[in-house]
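Me: I would like to go through this structure and ask what its labels rest on.

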Amino acid sequence: MASPTVKLNSGYDMPLCGFGLWKVSNDTCADTVYNAIKAGYRLLDGACDYGNEKECGEGVARAIKDGLVKREELFIVSKLWQTFHDVDRVEPITRRQLADWQVDYFDLFLIHFPVALEYVDPSVRYPPGWHYDGDKEIRWSKTTNQETWGAMEGLVEKGLARSIGVSNYQAQTLYDTLKYAKIRPATLQIELHPYLQQVELVKLAKHEGIVVTAYSSFGPTGFIELDMDNAKTAAPLMEHDAIKAMAAKHNKTPAQILLRWATQQGLAVIPKTGRPAVMLQNLDCFSFDLDEEDNKRIAKMELNLKFNKPTNYFSADNLWIFG
Ligand code: NAD
């Protein structure tokens, strides 16, 4: 099964359904990537912060060696972590990440969050995470998003990234980027599900020709394993009466309803699972359409409930900026 693609403003085609790699453990990651490619996924969504890029690279290399896929058929996405926003740190860390993936370019490279942290040398800790000391201390870098974006553009000029984009940006940060970008962001990756529909931001991105990738399509489900309080108390989306009723009506699973709700809006999705049968199920999120009544019901489920905020993972007095 193959995913349809969408044309990015960079001219490249991006699959609308990809495979997410956050929280894929190091011991299972190479096999999971291999199985995802075998199931038909072509877009792999990784990041320095996921701490598994070396294993991702092993899975990709094995899939290419076994003839499942060619490099040029894959769409490999990775992200720049905040401790590498300083202009002279961007290219070296990108080269390291490429080496981990065993490839010589990323199809898409994103700024993971729009805020710079002080540099932590990879020999000290990798991935570095949020805290300068690996424990509690947050140290900001003075580097601006404009300076970092210039360095991201340098990656395209050097052939290390074909397209570049942003993640966890809101309207103001996006507008600001558009003022100085010589290369416009190709995509915006944001948390988006029926409890956080991001209607205005999606409208803005579409108007500006930026493709939106929705992450955490299943809402609280992906955050329960992090023991997050507001995820544990939120009603699971896959067990929501409205979603279950739509699943029964369309003879699909609740997960497929949630993914189709996004892809039908032209949004890309990047679900993750370790189970090959579920990989296939999630990739099948284009073969049916929600009707107007379904969409109206989901529109009413908005709670403005965001799970992926650093302040939800740990208490840090100076991380409120992600509100
Ligand atoms: P997810 O889509 O991986 O879903 C979370 C949980 O749902 C998983 O535990 C999985 O086992 C379960 N699941 C998956 N398919 C299912 C199905 N068909 N039926 C029942 N259960 C199913 O959520 P996520 O990890 O929050 O996000 C997905 C991806 O988005 C990540 O892997 C990552 O690549 C990306 N992401 C990016 C950011 C960012 O800051 N840019 C943040 C979070 C996630």
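**Ligand shell and His112**

Reply: This is a predicted model. Around the ligand there are 26 residues, of which Gly20, Tyr215, Gly222, Ala255 and Lys272 come nearest.

Me: What makes a residue count as being around the ligand?

Reply: Its C-beta atom, placed from the backbone, must lie within 6 Å of the molecule. The shell of 26 residues is described in those terms.

Me: Which helices supply at least two residues of the shell?

Reply: α7 (221-224) and α11 (276-283) each do so. The largest share, three residues, comes from α11.

Me: How do the residues of the shell divide into nonpolar, polar and charged?

Reply: Nine are nonpolar, 14 polar and three charged. Gly is counted among the polar residues in this scheme.

Me: Why is His112 called buried?

Reply: The term requires 20 or more other C-beta atoms within 10 Å of the residue's own. His112 has 20, so His112 is buried.

Me: Where is His112 found, and what does it touch?

Reply: His112 sits in the loop between β6 (106-111) and α4 (145-157). Leaving out residues up to four places away in sequence, His112 touches Ala47, Asp49, Lys79, Leu80, Trp81, Gln82 and Ser167.

Me: How do you know that His112 is listed under "binding site"?

Reply: That comes from UniProt, in an unreviewed entry. Such annotations may be inferred rather than shown by experiment.

Me: Which residues does UniProt list for "domain: NADP-dependent oxidoreductase"?

Reply: The unreviewed entry gives residues 19-300. Over residues 19-300 the chain is 42% helix and 13% strand, with the end C-alpha atoms 28 Å apart.

Key:
Residues are numbered from 1 along each chain as its sequence is written. This is a predicted model: local features need pLDDT of at least 70, side-chain atom pairs count only at pLDDT 80 or more; totals for chains, interfaces and linings use all residues. Helices (H or I, at least four residues) and strands (E, at least two) are DSSP runs, numbered from the N terminus. A residue is buried if 20 or more other C-beta atoms lie within 10 Å of its own, exposed if 12 or fewer, and partly exposed in between; C-beta atoms are placed from the backbone. Two residues are in contact if their C-beta atoms, placed from the backbone, lie within 7 Å.
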